[in-house]
Protein chains: 2
Amino acid sequence: MRRWNGWGDDSVELELGVEARSFLAQQLGQGTALLDVRFDAACALLPPGRLPQHPLVDASAQARLLHAFGQSLPDWLRLRYGRINAAPDGVAYPEGAEQVRALLAYAKGCGADVIPYGGGTSVAGHVGVADAARPVLTIDMRRMRALVSLDHEARLASFEAGVAGPDLEAQLRAHGYTLGHFPQSFEYSTLGGWVVTRSSGQQSLRYGRIEGLFAGGRVETPAGTLDIPTFPASAAGVDLREMVLGSEGRLGIVTHATVRVSRLPQHEAFHAVFFPSWERALEAVRELAQARLPLSMLRLSNPVETTTMLALAGHARLVRLLEGWLQLRGCADGKCMLMVGVSGAKSQAGPALRAALRLARAHGGVHVGRALGERWRRNRFRSVYLRNAAWAQGYAIDTVETALDWPRVTQAMEGIERAAAGALQSWGERVHAYTHLSHLYPQGASVYSTFVFRLAGDFETDLARWRQLKDRVSEAIVAAGGTISHQHGVGVDHARWLGIEKGELGLGVMAALFRHFDPEGRMNPGKLVAR
Amino acid sequence: MRRWNGWGDDSVELELGVEARSFLAQQLGQGTALLDVRFDAACALLPPGRLPQHPLVDASAQARLLHAFGQSLPDWLRLRYGRINAAPDGVAYPEGAEQVRALLAYAKGCGADVIPYGGGTSVAGHVGVADAARPVLTIDMRRMRALVSLDHEARLASFEAGVAGPDLEAQLRAHGYTLGHFPQSFEYSTLGGWVVTRSSGQQSLRYGRIEGLFAGGRVETPAGTLDIPTFPASAAGVDLREMVLGSEGRLGIVTHATVRVSRLPQHEAFHAVFFPSWERALEAVRELAQARLPLSMLRLSNPVETTTMLALAGHARLVRLLEGWLQLRGCADGKCMLMVGVSGAKSQAGPALRAALRLARAHGGVHVGRALGERWRRNRFRSVYLRNAAWAQGYAIDTVETALDWPRVTQAMEGIERAAAGALQSWGERVHAYTHLSHLYPQGASVYSTFVFRLAGDFETDLARWRQLKDRVSEAIVAAGGTISHQHGVGVDHARWLGIEKGELGLGVMAALFRHFDPEGRMNPGKLVAR
C-alpha cells in the first residue's frame, strides 16, 4: 500500500547500511530517530468538511487527509509531526469528462475552490490547500486511466490523463510502444500532471520533454471545454498546448492527452565514465550535448555527489577496488561520474556510444563499463525511497533544480552548494550538499542539487530550517540567472521567485490567461501566481 | 533594386522557356500578357497621410506605397492593377528599442494603429492595412540588424530582430555558425517576422522550426517592455516565448531575439530519389521520418508536381533520358521525386544518407544522385521568381499549405487539388494544381500545394477568382482536419478558418492575451483574430 506520510509503496523498505550511516554521521553528526504521528491520530485533527453532499464526493477524513499534501519537505513535516494546517473538504474520483464537468458545476454552485490531483507527487506544494477561506474540492483523476486510441501511422496515443507512469507504459508496451517519459516520480505521477507541470524525464535527451510529447487533448475549464486538435506542427497563431503546459491546475483539468509515442527500443544500455575533474567533465558533456549524437541520457555527478553515491552504494570493498583502478587512470579526488544512456536501433546506438566514448576519452574520461549503469537503471525509481530511510535515521533530504546556459552552470552549482552549506549555521547545523546535471542541452544544462541535514525533532524548528535553506538556495539560483524550476514546477514553494524571470508583464499575462478560463478564480488558487 | 509589385530583386529576371510556356498553354490555355500600372501612377492614388509630423516618420507616398502590401496574390493584384485600397499614413525606421518605444508612444498620442513590418514577404496579408478608420503607422525594422552578442559556449546569438536572412547568416558565418533557418522567403524575411509567424525553414528536419530556435528576447509592447531570458528549458509556468511566437504583431514589436545557432556543417548534400507511386513514396517517407535518421531535409513531390518540375526544368532532352532510365527501373507515370538532404559531420552524414537510401530502396526508390539536388539547392530561393515570369505570360501562381497527421495526408492532398481543379469552373477556367510534402515529422507532414491559373486581365474578376479558389481549398484543408497554416501564418487571409481549430475558447484566450499587452488594440488590428 502506498505510504501516507512518505514516499512510495510500504512494501519497499530501503535501509541505510552501516557505511552510509557512518558517512552521514561524519558529515552531519549523529541523527536521532523520531516518532511519527499515526494516521488515525492525524485524521482526528481534521475539522469537519464544509461541502454539501454529492454522490461523487467522499468527505471522509481518511480521503481528505490522503489528499492534503504532496511530497515536498514541508508536506512531510506536517504529516510526520501531525501538524495538519489544512485539507480539502472532500475528494471526488471522476470516471469521465462528464463527471469532471459535473464536479466543476457543483463546485461553482457551492462556492468551492477546486484542486486537481494526479499522483500527488509534487515537491513544490501543488496539491495542498493554499487558502482555506472557501471550501475545497480535490478532484483525483486516478480512475481516468484508459488508453482511448492508438494511431500506429501517426504514432499518437490518446489517454485519459489520470493514467500513472507504469500503467501508461504497460498499456503502450502491449502494442510495442513507449512514451519514454521517466521522471523520478514515474511510479505515481500522471500524464495530466506531467503536462501541467512541464515535466521532464530521465531520457529526455532521446524522447524530449513533455512539451514535445504532448500533441493535443482536452481540458475541462470553468468557462467550457478546450479541445486541442493534433497537428505535426502549425503556424496558426498561438499554440493552445502552450497555454495548458505549466498551467498547474490554474485553468482547468486535463481529462485527455494525446502523446507522441515511439517504438520500444531494440537496444538500451547505460554506461559509466569517470573524469579526473569537474572542469574536464563539463567540457566533455557540453561537447557531447552539442554533437547531436543520438544518445538517450547524459547525467553528470559533481565530485561530492560522486563520492556520496559511492559511499552510499554499500559495497565498500568493490568501491575501493574501483577507486584504486580509477586513480591509476588519473581519476582521484575530484573525480566525476557521467552516466551515458543509449536507446534505439542497434545500428544507431552502437556508433553513437562509440562516438561518445571517443569524445569522453579526449577529455580524460575513463569508461568503466555497464555495471554501474545497470545498477543505476535498476534503482532509477528506488533512490527516492532513500528519503524514507534517511528520515528513519533522523535526517531530511530535499532537492532543488534549475537550468542555465552553459557559461552559468558551474557558478550556479557552486552558488547553490555554498548557500546550502551555510544556511543552517545559526542552528549550528551543517548541510551536506551535492549536485548533478540531470538534463543536457546544446544551450546549457539543468543543475540538480540534493541536501541532507539533521532533523531537530521539533516541527517549528525543522520547518524554519527548511525555509531558511530553501530561501538561500533559491536566491542563489536566481542570482546565477537560472530558472526557478527546470522540472518540478512552481506550485507554492517557488512562486515568490517566479517574478524575477517573468517580470510584472509576464506574471500579469499568466494571470490574464487563467482568468479567461476561470473567471471566478476557483482553480487551484494560490499556486503559481497570485489570484 | 527590390521590385515594388512582384517578388525579389529586379536584376533577377527569370523567363519561362518555350517548353514551359507550351506546357502551361496545354494545361490552362494561352495566357495574355498584361500591362501593369506604374509606380508613380500608383503613388498618385494615395490619399494624403493623416499622421502629425514626427522626425522618425516618413509620410511620403513612395514610402507609404512600398509598405502597403505583402506578397499575397490579392496584394499583387492591387499593385499590378493599381487598385490601392489602403496604405499606412507614415513609415518609420527605428534604429533602436528606445525609438520603437518612442514611436509606440507617438502612435498612442495621436490615436494611430501600428503595423510592424519585417521583410514584407507575408503571403497571408500580415502587413496591409486591414482597417483604415484610424491613422496607421508602419514600423519597418530594417535598420535594426546588428548581431548584438554571440555566446560560443551556449551557442546563442542575439540579434536585433529586423535582420534579414542573408544578413543574419553572413554575420554568423563570419564566426563559423549558422542558424539553419531557410524559408522560401529567406532573401527578405526577418528574424522578428519568423518569430511572430512561426516560420519553418527548408532544413527544419535538422535545425528545427523557429519555435525551437528562438531562445528569448525583448518585445516592446504598449503595456511595456517584455524581457524573456534564455534558459535551455524551464518548468516555471507558462513559457513567455510562446506568447510571442505566432502573435503576428498583435502584442508588440520584437526588437531583439536570441537564437540557438549551430556550427556550420562540415558537409552538405542533396540527393534525389524517385518512387514508382505516391503510395510507395509516402510509406517510405513516413518510415524515414520516424527512423530518427539525422537528415536535414525530406521533400516529396507528388506525381503532378514531379511532372511539372521536370517540364519546367527546360532541358527536354536530358529529362527524356532521365525518364527513360527511370522507366526501366519501375518509375513511369505516377512517379514521385523525393529530395533528401544531409548536413553535418561527415561521420554522421554518410551513414545517415546510406541508411535513408537503403530504406528508400526497400520501397522501390531509385537514387539518381546529386545533380537534381544540386539544381534544387542552387534555385532554392529562385523558384519564387517564377511568379514574376508566369505573371509576364498572363498566369497567376498561388500556394496554400497545411500540416496533418499521417493518416490524413493523402486525403488532404487529394481534397485540396480536387477543390482547386473545380474552383474556377464557373468562369470556364482550369487550375493546374500540384503538391509536395515540404516538412516531415514522425507524426505527419506538411502539405504544400501550388496553383497556376490564367489571369483575366481585369481586377475584379481576378480577385473574385482568387477568392473562390482560396475559399474552396481552405475548406478542403479544414475538412481534412489540417491546420489552416503550417508555415505562412494567419494574417487576414486565413483568419476566417482559424476558429475551426482553436474553438471559441481558444480564440478568446488569444484575444485576452493580446489585450493584456495592448489594451487599446492598436497593434496590427484586424489580423489573426478580431479585435
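## A buried lysine in chain A

Leaving aside its neighbours within four places in sequence, A:Lys335 is in contact with nine residues' worth of surroundings that include A:Phe274, A:Phe275, A:Pro276, A:Asn302, A:Pro303, A:Thr306, A:Leu310, A:Glu323 and A:Leu326. The model described here is a predicted one. A:Lys335 is placed in the loop between helix 13 (316-328) and strand 14 (336-344) of chain A.

Is A:Lys335 buried or exposed? Its relative accessible area is 8%, and because the cut-off for a buried residue is under 20%, A:Lys335 counts as buried. The side chain of A:Lys335 also makes a polar contact with the side chain of A:Glu323, at 2.8 Å.

## The interface of the two chains

Chain A and chain B meet through 79 residues of chain A and 79 residues of chain B. Between them the two chains bury about 5700 Å², and 58% of this area is on carbon and sulfur atoms. In chain A, the residues that lose the most area to chain B are A:Arg292, A:Gln443 and A:Leu505, which together account for 13% of what that side buries.

Which kinds of polar pairing are found across this interface? There are 34 residue pairs in polar contact, with both residues at pLDDT 80 or more, whereas the count of salt bridges between chain A and chain B is zero. Several elements of chain A give two or more residues to the side that touches chain B, among them strand 8 (214-221), helix 11 (278-290), strand 16 (395-405) and helix 19 (495-517). The largest share of that side, 13 residues, comes from helix 19 of chain A.

## Salt bridges within the chains

Over all chains, the structure holds 52 salt bridges. One of them joins the side chains of A:Arg134 and A:Asp113, at 2.9 Å from N to O. A:Arg134 lies in the loop between strand 3 (113-117) and strand 4 (136-140) of chain A, while A:Asp113 is in strand 3 of chain A, so the pair ties together parts that are 21 residues apart in sequence. The two partners differ in their exposure: A:Arg134 is partly exposed, with a relative accessible area of 24%, whereas A:Asp113 is buried, with a value of 1%.

A second salt bridge is formed by the side chains of A:Arg198 and A:Glu211, at 3.2 Å from N to O. This pair links distant parts of the chain, 13 residues apart: A:Arg198 is in the loop between helix 7 (191-197) and helix 8 of chain A, and A:Glu211 is in helix 9 (residues 210-213) of chain A. Both A:Arg198 and A:Glu211 are buried. In chain B, the side chains of B:Glu520 and B:Lys108 meet in a salt bridge of 2.7 Å, N to O. B:Glu520 lies in the segment after helix 19 (495-517) of chain B and B:Lys108 in helix 5 (residues 97-109) of chain B, so this pair ties together parts that are 412 residues apart in sequence. B:Glu520 is partly exposed, with a relative accessible area of 36%. Salt bridges that share partners also join A:Arg198, A:Arg209, A:Glu211 and A:Glu242 into one network.

## Strands of chain B

Strand 16 (residues 395-405) of chain B is mostly covered, since eleven of its eleven residues are buried. It pairs with strand 18 (residues 444-454) of chain B in the antiparallel sense, over eleven bridges. Within strand 18 of chain B, B:Phe453 is the residue that stands opposite B:Ala396.

Strand 5 (residues 147-151) and strand 6 (residues 156-160) of chain B run antiparallel and are joined by four bridges. B:Ser149 stands opposite B:Ser158 in strand 6 of chain B. The two strands, 5 and 6 of chain B, form a hairpin with four residues between them, and B:Arg155 in the turn has a positive phi of about 55°.

## The nonpolar core

The largest nonpolar core has 221 residues, of which A:Leu191, A:Leu437, B:Leu191 and B:Leu437 touch the most other members. Not counting residues up to four places away in sequence, A:Leu437 touches residues including A:Trp278, A:Leu282, A:Leu298, A:Trp406 and A:Val447.

## Positive phi angles in chain A

A:Glu248, in the loop between helix 10 and strand 10 (253-260) of chain A, has a phi near 50°, a positive value in a residue other than glycine. A:Glu248 counts as buried, at 2% relative accessibility. A:Arg292 likewise has a positive phi, of about 55°, although it is not a glycine. A:Arg292 lies in the loop between helix 11 and strand 13 (297-301) of chain A, and at 33% relative accessibility it counts as partly exposed.

Key:
Residues are numbered from 1 along each chain as its sequence is written. Chains are lettered from A and ligands numbered from 1 in the order in which they are written. This is a predicted model: local features need pLDDT of at least 70, side-chain atom pairs count only at pLDDT 80 or more; totals for chains, interfaces and linings use all residues. Side-chain values use heavy atoms; hydrogens and water are left out. Buried means under 20% relative accessible area, exposed over 50%, partly exposed in between (1.4 Å probe, protein chains only). Two strands pair if DSSP finds at least two bridges between them. A nonpolar core is a set of buried Ala, Val, Leu, Ile, Met, Phe, Trp, Tyr and Cys residues joined through side-chain atoms within 4.5 Å. Contact means heavy atoms within 4.5 Å. Buried area is the accessible area (1.4 Å probe) that two parts lose on being put together, summed over both. A salt bridge is a side-chain nitrogen of Lys or Arg within 4 Å of a carboxyl oxygen of Asp or Glu. A polar contact is a pair of N or O atoms within 3.5 Å; within protein, one must be able to donate a hydrogen and the other to accept it, and residues adjacent in sequence count only if both atoms are side-chain atoms.
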